[in-house]
Amino acid sequence: MTAVAFARSRPVRVFRLEIRHSPVLWAIPLLAALFLFDAFRTAAGFVPVWSVRASVITTAMIAEFGPLGAGLAAWVASREGRRKTGDLLETTVRPAWARQAAALGATLFWLLLAFGIGVAAVYADTARQATWGGPPVWPVVVGVVEVVTLAVIGFTAGTLVPGRFTAPLVAIGTFVASLVGFHAALKVKPGSSLSALLSPATAVPQGDAGVFYHVAPDVAIVQVMFMGGISVALLGVLVARSALYQVSYREFFSAVWRAGRWPFAAAAALLVVGVAASSTAFALTGTARLGVSGWNIPALHDAASDKPIPYTPDCAGTTFTVCVHPAFSAFLGSATAALQPVAAEIAGLPGAPVRAEEVDSGPAYRLGIGTVLLGSASPSILNGAITGTPPVYEYLADADIAPFWGSASIAASGDWRSGFEQEFLTAFAGKPGTFFPTPAQQAVITALMVAAGAENKATLTLHSASPALAFPQQDDSSGHPVGPSPAQIAAAAVRFGALSPAARHAWLAANLPALRAGTITLAQVP
Amino acid sequence: MTTAEVRTPSAAPGARPAWRGAAGARLAWLHVRSRRVPGAVLALAVCAAVLHAALRWNWTFNSGKLAQQVPMLIEAGAAAAVVVTTHSPFGEPERAGGRWLPYLRLGTALALTGLAIGVVQLGVTAMNLNGGVLQMARNIIGITGIGLLCSLATGGLLAWVIPMGYIAFAQYALTEAWRSPCTWPVRPPDDRGAWICAGLVFGVGLLAFTLRGARQSIRD
């Protein structure tokens, strides 16, 4: 090897040495265990839709790789300070920033390798089960940039404050920050502050995300800009700090002269570029609007993502047809088994649907879910409605058939089935646009569910001394229950259920408009 | 000076207890300083302040099982601050230097754990901490126990890694509503099994650390 070739190979050799001695290598078994227990299991419990499964990349996987990576990066960066070898290493040929670049590069090498294997495992498992679409790229890009950013934050902290407490405090601090970001992201809604969209944890998806419409990459782009900007700015700080090691402010200009101008120019450029990118991303986030493809940022938005994705539904049944989106074809059997018996109970009645179709949940549903999760509002989301001529029951993909934590095996359970049937009958017998049926409507719905063989708390306790309600009890402003008691509603349901199917059918045919309008009282139910 | 003079203390017998007390205090103070305990107290204060801010400005969920997420993390941070003080900068010479080292380790770990509970509790005074002081104390005790055990294998400076992994696992257990006492951070404050688990881990960790000390490596 010539002297020139040897000199050129040295940075690579330093990098290889750092890779071999990186502490992240020893943390990989722990990361793997956490990944298998948390992210992989969480993803496997989600509905097999690509965008939904991919959401674990920016939530659960970041919670495992991000803080631990930040802590380990801080540990690596504090090495020279811990061992008090700073002065000794100042005498070496290579500048400090080159040593630090190798150490940071090795840390990122192992972190990103482990992260990439995790993403591959999640995607491979999804590919086995998904029946629609393909693997989304943006969650991976956001995840990688976030891991890098957290590692750079940790590395910078470890370089600037090389104490023994830095690494654990950085790890805990970044974990807390990601949880706070998640909480803030849940509260984002039109008209409020939108800065929490910069938190990658906004990717709490609805069950049909990316199914009916493409997920717009706008928010992912600004997240990458924001976090990438932080990383670049911090790299500038690291370069400047390396050149100014143990230099007092009086020696600043002589240090600049001694070290050469370009490290400072590079540091300043990195700082400016990083701050500009993050500021631009922050400003762009403020212009976000909610659209059919999620949060849109006008300056970045491609109108093509607002067009629905064409598909041919999977259907089953003859007199009453049940259709699902092909992404949810695994749910078709359960949906048909649930809806056919209740559809038979109301067949031929005015307004009775002849078909059930799965439709897009829309962004408003996601907002409603977020609000309910935070406990700041009561659930007031309509899950399905009967529209058109001939009447078609349109049910929301996310609300009814496949919530993002749902799976085809859950859809085979009795609870899921009775819930789906109850939603269907509520859309039929309830007043359009209202969430809580009247007591008479509740009695009729419960009786029809019993007749169709549905089993839930309301139908199973119908004949008991303390029956349960199929719907939440209505309370007044002081928290006291209003209207008829559960026992009175159950008694009416038992009465109506005791009628022959023909008599029930005839009464409904005659009184359905009044029942839907809410003018029939509990006592008027036969 | 002869060998006999070196072996025989020159002080009068009556003055020995006072001399011993001062020397003991000085020894304890030197031990505490060498473990950066003052820095740990500062780190605990930072943890308490962050928890105070999180509760005051509602950084996270106010109620329900998820309200435990951030307090649990900060309690883990306090425990991590305790366990990184197990690192000794002296290594073998210190082990050969006297028989008081195990007692100093025991005393420092116990005192700092108690201090961590006290400081974090001080930070949440007049705040609504989900689970209360009992759950907070149990979390700090149990996670410190994991860290002390970890220090035997990784050394004191990296003793925070396994507690960090445990708390990430506990976050998952929290959302999945696991009931195993081994996941004590997600159990109610009066859960006996969780207390036994946390106490056992702390007891074993403390005993092992007292007897063996954290692993020493020249690379630290």
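**Exercise 1. Which residues does B:V120 touch, not counting residues up to four places away in sequence?**

Solution. Keep in mind that this is a predicted model. Start at B:V120 and skip everything up to four places away in sequence. What's left is B:C47, B:A48 and B:L51, then B:E75 and B:A78, and finally B:M136 and B:I140.

Next, look at the core. The largest nonpolar core has 205 residues, and B:V120 and B:C47 are the two that touch the most other members. Chain A has a part in this core too: its helix α7 (residues 96–129) gives the most, with 15 residues.

**Exercise 2. Work out how α4 and α6 of chain B are arranged.**

Solution. First, find the two helices: α4(B) covers residues 69–83 and α6(B) covers residues 101–123. Their axes lie 10 Å apart, and the packing angle is about 150 degrees.

Second, turn that angle into a direction. Angles over 145 degrees count as roughly antiparallel, so that's the label for α4(B) and α6(B).

Third, check the handedness: α4(B) passes α6(B) in a right-handed crossing.

Fourth, list who makes the contact. From α4(B) come B:E75, B:A78, B:A79 and B:V82, while α6(B) brings B:L112, B:T113, B:A116 and B:V120. Sorted by class, that's six nonpolar residues, one polar and one charged. Notice our friend B:V120 on the α6(B) side; B:E75 and B:A78 were also on its list in Exercise 1.

**Exercise 3. Describe the fold of chain B in a few steps.**

Solution. Begin with the elements: there are nine helices and zero strands in chain B. Walking along the sequence therefore gives you α-α-α-α-α-α-α-α-α.

Now for burial. Chain B has 220 residues, and 45% of them are buried.

Last, see how far apart in sequence the partners are. Take the contacts in chain B between residues at least 6 apart: 77% of these join residues at least 24 apart.

**Exercise 4. How many residues does each chain bring to the contact between chain A and chain B?**

Solution. Count each side: chain A puts in 25 residues and chain B puts in 30.

Then zoom in on the chain A side. Three helices supply at least two residues each: α2 (24–45), α4 (60–77) and α9 (166–186). The one that gives the most is α9(A), with ten residues.

Finish with the classes. The chain A side divides into 18 nonpolar residues, four polar and three charged.

Methods
Residues are numbered from 1 along each chain as its sequence is written. Chains are lettered from A and ligands numbered from 1 in the order in which they are written. This is a predicted model: local features need pLDDT of at least 70, side-chain atom pairs count only at pLDDT 80 or more; totals for chains, interfaces and linings use all residues. Helices (H or I, at least four residues) and strands (E, at least two) are DSSP runs, numbered from the N terminus. A residue is buried if 20 or more other C-beta atoms lie within 10 Å of its own, exposed if 12 or fewer, and partly exposed in between; C-beta atoms are placed from the backbone. Two residues are in contact if their C-beta atoms, placed from the backbone, lie within 7 Å. Ala, Val, Leu, Ile, Met, Phe, Trp, Tyr, Cys and Pro count as nonpolar, Asp, Glu, Lys and Arg as charged, and the others, Gly among them, as polar. A nonpolar core is a set of buried Ala, Val, Leu, Ile, Met, Phe, Trp, Tyr and Cys residues joined through C-beta atoms within 7 Å. Axes are lines fitted to C-alpha atoms, for helices over the stretch in contact, and angles run from 0 to 180 degrees between N-to-C directions. Angles under 35 degrees count as roughly parallel, over 145 as roughly antiparallel, 65 to 115 as roughly perpendicular and the rest as oblique. A crossing is left-handed if the near helix is turned anticlockwise from the far one by less than a right angle, and right-handed if clockwise.
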